[in-house]
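Let's take a walk through this structure together, going from the spaces inside it to the strands and rings around them. Please have the model open as you read.

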Amino acid sequence: MTPSLFLGRLIGAVRVNAIAREQQAGKWVWVKRRKFLMDAVIACGNIFLYFSSSRIQMFPNCLEWQEGELHCYRLLYKERLQGGLAGKRGIWIEELPGQSLLQILCDRNLSLLILRAAANEFLRAHSLFCPKLQDYWSHGDPHLANVLYDSHTKTAMLIDFETKHQQSLTAQERHADDLLVFILDLLGRVPFADWLYLAVEFRVLRHNGV
């Protein structure tokens with residue numbers, strides 16, 4: 001398991017953020033708030049990531065995390081998605097349609113059509129120029145739970161931007177790390193008979209952009 005994937009699962013276990021579904025002005029939104037004392041936990045986690053030669057880190061500063069995550073949503077989805085600050089330690093994001101690929105896999109409904117949508121979304125997102133980086137954007141932790149699939153539009157969306165790559169990495173290195181995290185999480189969860197087939201298909205789809 002890579003440090004990136006380990007961190008993703010650790011975040012899920014520790015739950016540094018409290019997440020709630022709420023209604024605002026007649027719309028459903030997700031509100032994410034950084035728990036108190038979690039800044040110190042994240043700082044310790046970043047030390048582990050540094051000494052494990054990981055290529056990512058979390059945002060130990062709450063305001064930096066708020067601004068960074070909102071920036072990612074606005075860059076990727078622009079007018080399609082509304083969001084903003086929720087007090088001093090939180091953000092809110094308009095609810096996105098669809099299910100996570102992790103849930104779809106658990107329901108045994110993962111298909112090549114869904115993988116194709118995910119490959120297309122990675123390709124699109126990686127082609128976006130990020131003003132904060134002054135380079136092309138990358139996710140940092142795109143495991144299956146952080147990729148949604150909308151069966152109505154047959155499109156995928158990336159969510160949860162709580163980590164970032166080291167700025168010293170090139171865009172090519174960061175993009176390769178994103179794909180590695182996604183594929184390794186996929187391979188760690190699918191039946192043994194399916195892992196090679198799915199990995200090869202995703203690689204071909206992502207490479208060809210189809």
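**A guided tour of the predicted model**

The largest cavity has a volume of about 40 Å³. Before going further, please keep in mind that this is a predicted model. Counting cavities of 30 Å³ or more gives one. Which residues line the largest cavity? Its walls are made by Leu70, Tyr73, Arg74, Leu81, Gln82, Gly83 and Ile93. Helix H3, residues 62-77, provides the largest share of this lining, with three residues. By character, the lining residues of the largest cavity divide into four nonpolar, two polar and one charged.

Helix H3 also takes part in an open space. The second largest pocket has a volume of about 330 Å³. It is lined by 18 residues, and the closest to its centre are Phe59, Gly68, Lys132, Leu133 and Lys164. Two elements, H3 and strand S11 (163-165), each give two or more residues to this lining. The largest share again comes from H3, which contributes five residues. Sorted by character, the lining of the second largest pocket has six nonpolar, seven polar and five charged residues.

Now let's turn to the strands. Strands of a sheet pair through backbone hydrogen bonds, in either a parallel or an antiparallel way. Begin with strand S1 (residues 17-24) and strand S2 (residues 27-34), which pair in the antiparallel sense over eight bridges. These two strands form a hairpin with two residues between them, and Ala25 in the turn has a positive phi of about 55 degrees. Across this pairing, Glu22 stands opposite Val29 in S2. Strand S2 is also joined by five bridges to strand S5 (residues 90-94), and these two run antiparallel. Here Val29 comes up again, standing opposite Glu94 in S5. While you are in this part of the chain, look for Arg21, which lies over the face of Trp28 at 4.0 Å from the ring centre.

Next comes an open sheet of three strands, with the order S6-S9-S10 and antiparallel pairing. Strand S6 (99-100) and S10 stand at the edges with a single partner strand each, so one side of each has no neighbour in the sheet. S6 and S9 pair in the antiparallel sense over two bridges, and the bridge partner of Gln99 in S9 is Tyr149. On the other pairing, strand S9 (residues 147-150) and strand S10 (residues 155-158) are antiparallel over four bridges. Leu148 stands opposite Met157 in S10. The hairpin of S9 and S10 has four residues between the strands, and Lys154 takes a positive phi near 60 degrees there.

One residue of this sheet deserves a closer look. Asp150 has its place in strand S9. Is Asp150 buried or exposed? With a relative accessible area of 7%, Asp150 falls under the 20% cut-off and is therefore buried. Asp150 and Gln99 are 51 residues apart in sequence, while their C-alpha atoms are 6.7 Å apart in space.

Finally, let's look at the aromatic rings. How many aromatic pairs does the model have? The count comes to five. In one of them, the rings of Phe122 and Phe182 have their centres 5.3 Å apart and their planes at 70 degrees; planes over 60 degrees apart count as edge-to-face, so this pair is edge-to-face. The pair links distant parts of the chain, with Phe122 in helix H5 (residues 112-126) and Phe182 in helix H6 (residues 171-187), 60 residues apart. Both Phe122 and Phe182 are buried.

Another pair is made by Phe129 and Tyr136, whose ring centres are 5.9 Å apart and whose planes are at 90 degrees, so this pair is edge-to-face too. Phe129 counts as partly exposed because its relative accessibility is 42%. Tyr136, at 39% relative accessibility, also counts as partly exposed.

Ring pairs also link Tyr73, Trp137 and Phe161 into a cluster. That brings us back to where we started, for Tyr73 is one of the residues lining the largest cavity.

Technical notes:
Residues numbered from 1 in each chain as written. Predicted model: local features only at pLDDT ≥ 70, side-chain atom pairs only at ≥ 80, totals over all residues. Heavy atoms only, no water. Pairing = 2+ DSSP bridges. Phe/Tyr/Trp six-rings, centres within 6.5 Å; stacked < 30°, edge-to-face > 60°. Buried < 20%, exposed > 50% of the residue type's maximum accessible area, 1.4 Å probe, protein only. Lys NZ or Arg CZ within 6 Å of the ring centre and 35° of its normal. 1 Å grid on protein atoms, 1.4 Å probe; cavity = no way out; pocket = protein on both sides within 12 Å on 5 of 7 lines; lining within 4 Å. Points joined across faces, edges and corners; volume = space filled by probe spheres on them. Nonpolar A, V, L, I, M, F, W, Y, C, P; charged D, E, K, R; others polar.
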